[in-house]
Amino acid sequence: MGAPESGPVDCLIVGGGIAGLTAARELSRLGHSVMIAEMADHLGGHVAHYYNLFPIQTLAVDVVKPLVDEVTRSPQVRTLLRSEVIGAAGRFGEFSITTRDPSGQHTHHAKTLILATGFEIYDMANHVFEYNYSKHPNILTGSELERIALGEHGRGGGGPQGTVTRPSDGRVPESVSFVLCVGSRDETNNVWCCEVGCKVAINQALHVKEVLGPDVTVTVCLIDIRAHGRLSEEMYRRCRDKGVTFLRGRPSSIDLLDEHFLSLKVFDQVTQKLLEVRADLVVLEPTLVPRSGTVLLSEQLRIPVGADGFFETQDYFAPVTTATDGLYVAGCTSGTRDIPATMSHAGLAAVNVAARLRGH
Ligand SMILES: Cc1cc2nc3c(=O)[nH]c(=O)nc-3n(C[C@H](O)[C@H](O)[C@H](O)COP(=O)(O)OP(=O)(O)OC[C@H]3O[C@@H](n4cnc5c(N)ncnc54)[C@H](O)[C@@H]3O)c2cc1C
Ligand code: SF4
C-alpha cells in the first residue's frame, strides 16, 4: 500500500533520515498522504549506522526501527528508495520533483514539500592535512567507529556488535585518542560549532572504557567541552569517573609511528607543556557540513543558504518555514542538531504543513 500514484500527494519529503521519518509519521497520523524520496537503499539516514546514542547509550536500532516500521506500514505513506531528488520546482499546491533511480528519471507532484536532506561529514582527506586521515588504517572518524561497533566492515575490523577493534589487524586497541573540533571553530575551515561532536566523543569514550575495561587508556583532546542538554553533564561525569583523560589542547599533528601506532603532539593548556600521546586508535570528530546538492536545490526552489551553506529559514525565530510558500525544512538540513532536536524540528515542520493544507 502507499499514497496514490497519480495526482499530487499532500506532502513530499526529500530524505528519509530521522527528520524525514518523523515528519512522515506525524503527517500520516494526521491523515495526510505523504511520499518520501530517499537516495539510499534504506531509511534512517546516518543514525541507521550508529551503535548506541548519547546521552544514555540507547541502542540506535531501538530508535530507528519503530519509526521505520510505523512509516512503512502506514497506508498514507509511499516510500521511494534509491531515489535521489535531482530537481525541484514550484510553490504551494504545485511542486514538482525529479528523482533519479536505477530505472531512470521520474517526476512526482506534491502540494507541499519538506526538505530533510540532513548533513555530510566534512571531507577531511581534502581539507585537514595535519592529521593524516586516510594515510593510516587506525585513524578514523566518529562515524566509522560507530560502524565498527555495529559490526559493519568499511574501514573497521567488523567484529561482533559492540566491540571496538583497530582496523590495522582487527585486535583490541591498547590506547584510544579522540580529537574534537576537527575542521570546525576554525577560520581556515569552518567557523561554526558542529553541535554534537563533544557528546559523540564522550559517549564513544565511555563505550570504549565499558567494553574494553579499565586497562585501555582513553584520552580526549579538546578546545573546550560543549555538552549541553539534559543528561549530558551526567554522561561527561560518568566518563571522567571511568578514568578517561580530557586534555585541553588540539593536536598540532598526528604522526605515523608504525603499522599500528600513532603519535599526537598536543600542547596542554593546563600544564603549559607539549605532550606526546601514543595511541593505536585515533578517532577524529569532524564537523558536519551541508549536503553537496544543497546549492542546486536552493536555486531551484528560490530559498537562500546561509554563510555556513545550510538552508536558510524565513526567520531565525521561524525555524521551519522558508521564503517559498509551502516549502519547509526539517532536521539538520538547516543546521546541525541532535536526534531529539531533529525530531522536535520535524514535528514542527509537519504541523506547519498540516496547517497550510487547511488554509493557514
Ligand atoms: C558520529 C555521529 C554520532 C551521532 N550520535 C548521536 C547520538 O548518539 N545522539 C543524538 O541525539 N545525535 C547523534 N548524532 C546526530 C544525528 O546524526 C542527527 O541528529 C541526525 O542524523 C539528523 O537526522 P536528519 O534526518 O536531519 O539527517 P540525516 O541523518 O543526514 O538524514 C538525511 C537523509 O536524507 C537523504 N538525502 C539527502 N539528500 C537527498 C536527496 N537529494 N534525495 C534523496 N535523499 C536525500 C540521505 O540519504 C539521508 O538518508 C550523531 C552525529 C554524528 C556525526
Ligand atoms: S560540538 Fe564540540 S566537537 Fe563539535 S565543534 Fe562544538 S566544541 Fe567542537
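A nonpolar core is a set of buried Ala, Val, Leu, Ile, Met, Phe, Trp, Tyr and Cys residues joined through C-beta atoms within 7 Å. The views below come from a predicted model.

**View 1. The largest nonpolar core lies between two domains.** This core holds 102 residues. Leu 12, Ala 23 and Ile 114 touch the most other members. Helix H4 gives the largest share, seven residues. Domain 1 (9-118 + 291-357) and domain 2 (123-287) both contribute residues, so the core sits between them.

**View 2. Thirteen residues surround ligand 2.** Cys 181, Cys 193, Cys 194, Gly 197 and Cys 198 come nearest to the ligand. Strand E11 (175-182) supplies at least two residues of the shell, and so does helix H4 (197-212). By type, the shell around ligand 2 has six nonpolar, three polar and four charged residues.

**View 3. Three strands form an open antiparallel sheet.** The strand order is E14-E15-E16. Strand E14 (253-256) and strand E16 (273-279) are the edge strands. Each has a single partner strand, so one side of each lacks a neighbour in the sheet. From one strand to the next, the twist averages 25°.

**View 4. Strand E15 pairs with strand E16.** Strands of a sheet pair through backbone hydrogen bonds, either parallel or antiparallel. Here, E15 (residues 262-268) and E16 run in the antiparallel sense, with seven bridges between them. At one bridge, Ser 263 has Arg 278 of E16 as its partner.

Definitions and conventions: Residues numbered from 1 in each chain as written. Chains lettered and ligands numbered in written order. Predicted model: local features only at pLDDT ≥ 70, side-chain atom pairs only at ≥ 80, totals over all residues. Near = placed C-beta within 6 Å. Helix = DSSP H or I, 4+ residues; strand = E, 2+ residues; numbered from the N terminus. Nonpolar A, V, L, I, M, F, W, Y, C, P; charged D, E, K, R; others polar. Pairing = 2+ DSSP bridges. Axes fitted to C-alpha atoms, helices over the stretch in contact; angles between N-to-C directions. Buried ≥ 20, exposed ≤ 12 C-beta atoms within 10 Å, placed from the backbone. Domains from an automatic or database assignment.
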